[in-house]
Protein chains: 2
Amino acid sequence: MSRARLAPLVANELGVLEAVMWSHGPSRDALAAQLGFSRTRANALVAGLIDEGWLDEVGPQASSGGRRAETLQLHRGLGVLLGVDLGATGVEVAVLAPDLQVLARHAQPVDVREGPGVVFTLIRTVMRRLLTQLKLKARDVLGIGIGVPGPVDFASGQLVEPPLMPLWDRYSIRDDLRAEYEAPVWVDNDVNLMALGELWRLRRTLSNFLVIKIGTGIGCGIVCHGEVYRGANGSAGDVGHICVDPAGPRCRCGNLGCVEAMAAGPAIARMGVEAAQAGQSEWLANALSERSELRPEDIGNASRHGDAAANAIVQRSGALVGQMLASVVNFFNPSHVFIGGGVTGIGPLFLASLRQSVYQRSLALSTRHLEIGLSPLGADAGVIGAGVLALQEVLRQSVSSKRERVAA
Amino acid sequence: MSRARLAPLVANELGVLEAVMWSHGPSRDALAAQLGFSRTRANALVAGLIDEGWLDEVGPQASSGGRRAETLQLHRGLGVLLGVDLGATGVEVAVLAPDLQVLARHAQPVDVREGPGVVFTLIRTVMRRLLTQLKLKARDVLGIGIGVPGPVDFASGQLVEPPLMPLWDRYSIRDDLRAEYEAPVWVDNDVNLMALGELWRLRRTLSNFLVIKIGTGIGCGIVCHGEVYRGANGSAGDVGHICVDPAGPRCRCGNLGCVEAMAAGPAIARMGVEAAQAGQSEWLANALSERSELRPEDIGNASRHGDAAANAIVQRSGALVGQMLASVVNFFNPSHVFIGGGVTGIGPLFLASLRQSVYQRSLALSTRHLEIGLSPLGADAGVIGAGVLALQEVLRQSVSSKRERVAA
């Protein structure tokens with residue numbers, strides 16, 4: 001079914017579809033209970049949505065005695081979602097079904113500093129290749145969600161003075177994709193989308209949690225009162241420039257001792273080079289002589305092989321991120337903190353040091369029930385969040401277009 | 001009218017009363033527009049609520065041509081609210097009308113460390129005296145709201161391991177007041193109530209802002225998505241123990257360089273004593289010899305008279321609080337920060353240094369539209385917030401009691 005043939009929705013129908021989207025394949029009765037509708041009303045709404053191709057029955061629920069209820073799901077015939085997670089040094093593109101299962105994915109290195117022209121030529125190529133693999137066409141795409149590593153004006157979908165990618169200021173990602181896709185395009189900060197992805201995975205069972213991404217930069221996605229929180233200007237969660245040492249080195253933002261300048265990927269690589277050059281680590285010296293540079297993964301490999309200098313770097317980085325996080329935990333009192341991003345791959349010492357630093361520096365009441373762990377969706381959090389964003393907005397748009405028609 | 005005679009509410013009526021509570025005396029038409037009701041439906045609901053004694057007409061609206069519409073308000077005959085704002089070193093008690101105007105108030109010093117028995121004997125005496133002044137009795141009290149300077153379990157209304165007031169752990173303020181008042185009692189953290197007071201003053205026109213209280217301790221009230229945010233355990237906003245200098249002095253919490261230990265009231269007084277003893281300030285030395293101790297106000301007085309040592313102390317304190325606030329602003333991206341509490345009285349240099357420190361250390365995008373100023377409600381923010389809390393909960397309870405009856 002192509003987008004154009006989708007029947008518009010009324011508000012109650014949107015409520016049903018959103019409830020299905022945020023549930024684990026509910027039955028009609030479960031939907032009725034959740035929405036406060038009578039069974040009769042829920043049955044009628046579901047029947048209409050099945051008729052119109054929005055919903056599908058995908059098999060019986062686990063038995064609770066009596067006739068088994070059917071499991072409801074957004075109809076796979078609606079089309080697919082494209083989810084893009086663009087980081088500073090790599091991009092992941094995924095095709096997702098309307099139930100947000102990943103049907104195909106592709107990840108590859110890319111340098112965002114090369115500018116939007118180069119990067120989006122690549123992204124469009126990957127999109128086409130993935131759709132072709134699945135025997136799909138551009139018109140099968142229902143919606144597109146894109147996460148980018150910088151502050152975004154959510155309404156226009158444009159980046160606003162992104163520090164990591166100056167060439168992208170005010171670039172219109174929507175216009176870029178419009179020639180090829182008629183589907184609507186939504187853009188958000190990469191960490192906000194990771195938070196949205198985890199919120200979907202949790203089916204909103206947690207209301208107040210954080211997702212921290214540690215890669216080339218450090219960012220934080222915030223879920224507050226059960227919704228992703230973007231702040232007054234869309235820059236909430238910009239924790240990379242929180243000061244962890246007033247006597248620390250100068251950051252590219254101009255201030256001293258920002259956690260990003262002292263503990264993110266480039267700082268870890270730099271500490272590795274220094275350790276190699278100072279003769280503190282044979283392992284790192286060998287790696288450096290092979291390639292004349294080090295990546296955070298090299299320090300991680302050395303640490304996993306018991307290299308003492310590498311261990312110290314990993315622990316220092318984890319402790320500094322934990323020190324920043326302690327401030328944030330005192331302020332926000334989240335129930336959970338999920339850690340993601342490339343730097344988490346440098347080994348278990350990183351998370352252990354981070355945790356120790358938070359529990360030592362935050363107040364007892366804030367940490368009594370606090371859980372700190374790796375992001376359960378891992379590298380897929382961003383593309384799943386992008387799919388959730390796109391689906392959510394497609395559903396909402398399907399209502400407003402009908403309202404406009406009624407008003408006209 | 002006494003509480004017992006109040007007619008219970010249905011959900012739509014609660015919506016109308018809450019809209020009136022959060023508006024500047026609306027007309028029926030304004031209410032209908034705000035709630036998405038037809039005029040006929042709004043008129044019928046308002047007529048019923050006037051009959052039942054919940055609402056009152058208090059005069060015509062400013063003219064917009066044609067017959068002038070009546071201004072609606074919660075009926076003064078409903079009774080009064082008691083609002084209590086308990087700080088570490090003083091308490092303010094107020095009697096408020098249902099439209100949240102302060103009818104009578106009394107503030108006096110008290111040391112919370114003396115324990116709840118002593119403090120609540122005093123508070124009950126003040127409450128009785130204020131009610132007598134207004135020729136009111138205990139049964140005229142509709143609801144009681146109380147702010148306390150520590151973490152509160154909101155459901156039970158008990159303090160949980162409050163660091164400033166250990167004798168209060170798990171003390172039941174509700175039981176204490178039950179013998180004298182049949183009105184329900186709600187307890188919250190003092191800074192949360194300041195935030196609720198400012199949210200009411202703003203009639204919810206801002207959705208994401210902070211209120212910082214700087215007195216004996218430092219706390220922060222958070223408004224997020226238009227609601228006061230309390231965090232996973234009720235300890236959100238506990239910013240006093242954010243580290244501003246890893247090499248700073250040890251705080252009573254055990255960590256080094258907490259902003260509270262370096263910049264709140266006791267730290268200011270201590271720096272004043274040191275300056276006096278080191279011969280850096282004749283003014284402070286004289287004040288110290290008169291009373292053998294200094295209060296933050298003494299340093300404020302000296303600063304206002306141009307004393308250089310006092311100026312340096314005030315600026316240092318403002319800069320340190322600003323450094324903490326810069327982290328919080330990077331994380332939360334609020335539109336406004338309102339500063340309150342006793343320490344704001346030490347003079348304009350404090351706010352100037354605080355501002356400078358935030359604008360220098362926060363990211364440009366976070367501060368582009370950020371406004372930092374003194375709390376507009378000032379010392380009344382806490383008691384007004386306590387009144388808002390009490391009224392809000394009284395209205396909500398009036399619905400659930402009917403629901404229970406219907407279900408029974």
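How far apart do the C-alpha centres of domain 1 of chain A and domain 3 of chain A lie? They sit 46 Å apart.

**View 1. Domains of chain A.** This is a predicted model, in which local features need pLDDT of at least 70 and side-chain atom pairs count only at pLDDT 80 or more, while totals for chains, interfaces and linings use all residues. Residues are numbered from 1 along each chain as its sequence is written, with chains lettered from A and ligands numbered from 1 in the order in which they are written. Chain A splits into domain 1 (3–77), domain 2 (79–197 + 381–403) and domain 3 (238–375); the bounds come from an automatic or database domain assignment.

**View 2. Where chain B meets chain A.** Here 39 residues of chain B are in contact with 39 residues of chain A (contact: C-beta atoms, placed from the backbone, within 7 Å). Strand 11 (218–224), helix 11 (308–332) and helix 13 (364–367) of chain B each chip in at least two residues, and helix 11 of chain B gives the most, with six. Helices (H or I, at least four residues) and strands (E, at least two) are DSSP runs, numbered from the N terminus. On the chain B side, 18 residues are nonpolar, 15 polar and six charged (Ala, Val, Leu, Ile, Met, Phe, Trp, Tyr, Cys and Pro count as nonpolar, Asp, Glu, Lys and Arg as charged, and the others, Gly among them, as polar).

**View 3. How the copies are related.** Chain B lands on chain A after a rotation of 180° with 0.0 Å of shift along the axis (RMSD 0.0 Å). That's a two-fold relation; the superposition is by least squares on C-alpha atoms of residues with pLDDT of at least 70 in both. The copies meet through the same surface, because 100% of the interface residues of chain B are also interface residues in chain A.

**View 4. Strands 1 and 2 of chain B.** Strand 1 (residues 55–60) and strand 2 of chain B pair antiparallel over four bridges (pairing takes at least two DSSP bridges). B:Asp56 stands opposite B:Gln73 in strand 2. Four of the five residues of strand 2 (residues 70–74) of chain B are buried, so that strand is largely enclosed by the rest of the structure (buried: 20 or more other C-beta atoms within 10 Å of the residue's own; exposed: 12 or fewer; partly exposed: in between; C-beta atoms placed from the backbone).

**View 5. Around helix 10 of chain B.** Among the buried residues of helix 10 (residues 296–304) are B:Pro296, B:Ile299 and B:Ala302. Their cover includes helix 8 (265–277), helix 9 (282–291), helix 11 and helix 12 (348–361) of chain B. After helix 10 comes B:Gly306, with a positive phi near 85°.

Methods: Contact = placed C-beta atoms within 7 Å.
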